[in-house]
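User: I am new to reading protein structures, so please pick a single part of this one and look at it closely with me. I would like to know what surrounds that part and how it fits in with the rest.

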Amino acid sequence: MMIDPPIEELRKLAGNEYILTNVISKRAKELAKQMPEFIESNDEKEISLALREFYAGKVVITDPNKKDENTSK
């Protein structure tokens with residue numbers, strides 16, 4: 001059985017499994033809440049959609065602890 005997108009590629013994009021799990025979980029919950037009709041009518045689960053979005057670069061990981069360079073101290 002082939003997993004698409006490949007889990008190793010997803011892990012590399014995220015940096016580690018913990019970050020990947022959190023990002024995909026959060027996005028899947030957003031999809032289920034924002035588009036319930038689409039999710040119900042589609043054969044694909046929200047987790048799969050979230051994984052595909054992340055792999056395509058549509059979901060971006062941001063670091064909440066990182067200071068914006070444009071903000072003053």
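Analyst: Let's begin with some vocabulary. When residues are sorted by type, Ala, Val, Leu, Ile, Met, Phe, Trp, Tyr, Cys and Pro count as nonpolar, Asp, Glu, Lys and Arg count as charged, and the others, Gly among them, count as polar. With that sorting, the lining of the largest pocket divides into 4 nonpolar, 2 polar and 3 charged residues. The lining consists of Asn22, Val23, Lys26, Arg27, Glu30, Val59, Val60, Ile61 and Thr62, and the space in this pocket is about 190 Å³.

Please keep in mind that this is a predicted model. The average pLDDT of the chain is 83, and 82% of the residues score at least 70. Among the elements, α2 has the highest mean pLDDT, 93, and α3 the lowest, 82.

The part I would like to explore with you is helix α4, which covers residues 46-56. The chain has 4 helices and 0 strands, so let's see how this helix meets its neighbours by going through some of its residues.

Glutamate 53 sits in α4. Its relative accessibility is 19%, and because the cut-off for buried is under 20%, glutamate 53 counts as buried. Setting aside residues up to four places away in sequence, glutamate 53 touches Arg27, Leu31, Lys58 and Val59. Two of these names may look familiar: Arg27 and Val59 also line the largest pocket.

Glutamate 53 has buried company in the helix: Leu49, Ala50, Leu51 and Phe54 of α4 are buried too. What covers the buried residues of α4? The cover includes α1, α2 and α3 (36-41).

Several of these residues lead us to the largest nonpolar core. In soluble globular proteins, nonpolar side chains tend to be buried together. Here the largest nonpolar core has 13 residues, and those touching the most other members are Leu10, Leu20, Ile24, Leu31, Ala50 and Phe54. At least two residues of this core come from each of α1 (7-14), α2 (17-34) and α4. The largest share, 5 residues, is supplied by α2.

Isoleucine 24 is a good place to see α4 from the other side. Leaving out residues up to four places away in sequence, isoleucine 24 touches Ile47, Ala50, Leu51 and Phe54. An α-helix has 3.6 residues a turn, so residues three or four places apart point the same way. You can try following that idea along the helix on your screen.

Now compare tyrosine 55, which also lies in α4. Is tyrosine 55 buried or partly exposed? Tyrosine 55 is partly exposed, because its relative accessible area is 39%. Apart from neighbours within four places in sequence, tyrosine 55 is in contact with Pro5, Pro6, Glu9, Leu10 and Leu13. One of these, Leu10, is among the core residues that touch the most other members. Tyrosine 55 and arginine 11 are 44 residues apart along the chain, yet their C-alpha atoms are separated by 10.0 Å.

Finally, look at where the helix ends. After α4 comes glycine 57, which has a positive phi, near 85°.

Stepping back to the whole chain, buried residues make up 22% of its 73 residues. Among contacts between residues at least 6 apart in sequence, 48% join residues at least 24 apart.

Technical notes:
Residues are numbered from 1 along each chain as its sequence is written. This is a predicted model: local features need pLDDT of at least 70, side-chain atom pairs count only at pLDDT 80 or more; totals for chains, interfaces and linings use all residues. Side-chain values use heavy atoms; hydrogens and water are left out. Buried means under 20% relative accessible area, exposed over 50%, partly exposed in between (1.4 Å probe, protein chains only). Contact means heavy atoms within 4.5 Å. On a 1 Å grid over the protein atoms alone, a cavity is a set of points where a 1.4 Å probe fits but cannot get out, and a pocket is an open set with protein on both sides within 12 Å along at least five of seven lines; lining residues have an atom within 4 Å of a point. Grid points are joined across faces, edges and corners, and a volume is the space filled by probe spheres set on the points. A nonpolar core is a set of buried Ala, Val, Leu, Ile, Met, Phe, Trp, Tyr and Cys residues joined through side-chain atoms within 4.5 Å. pLDDT is the predictor's confidence in each residue, from 0 to 100.
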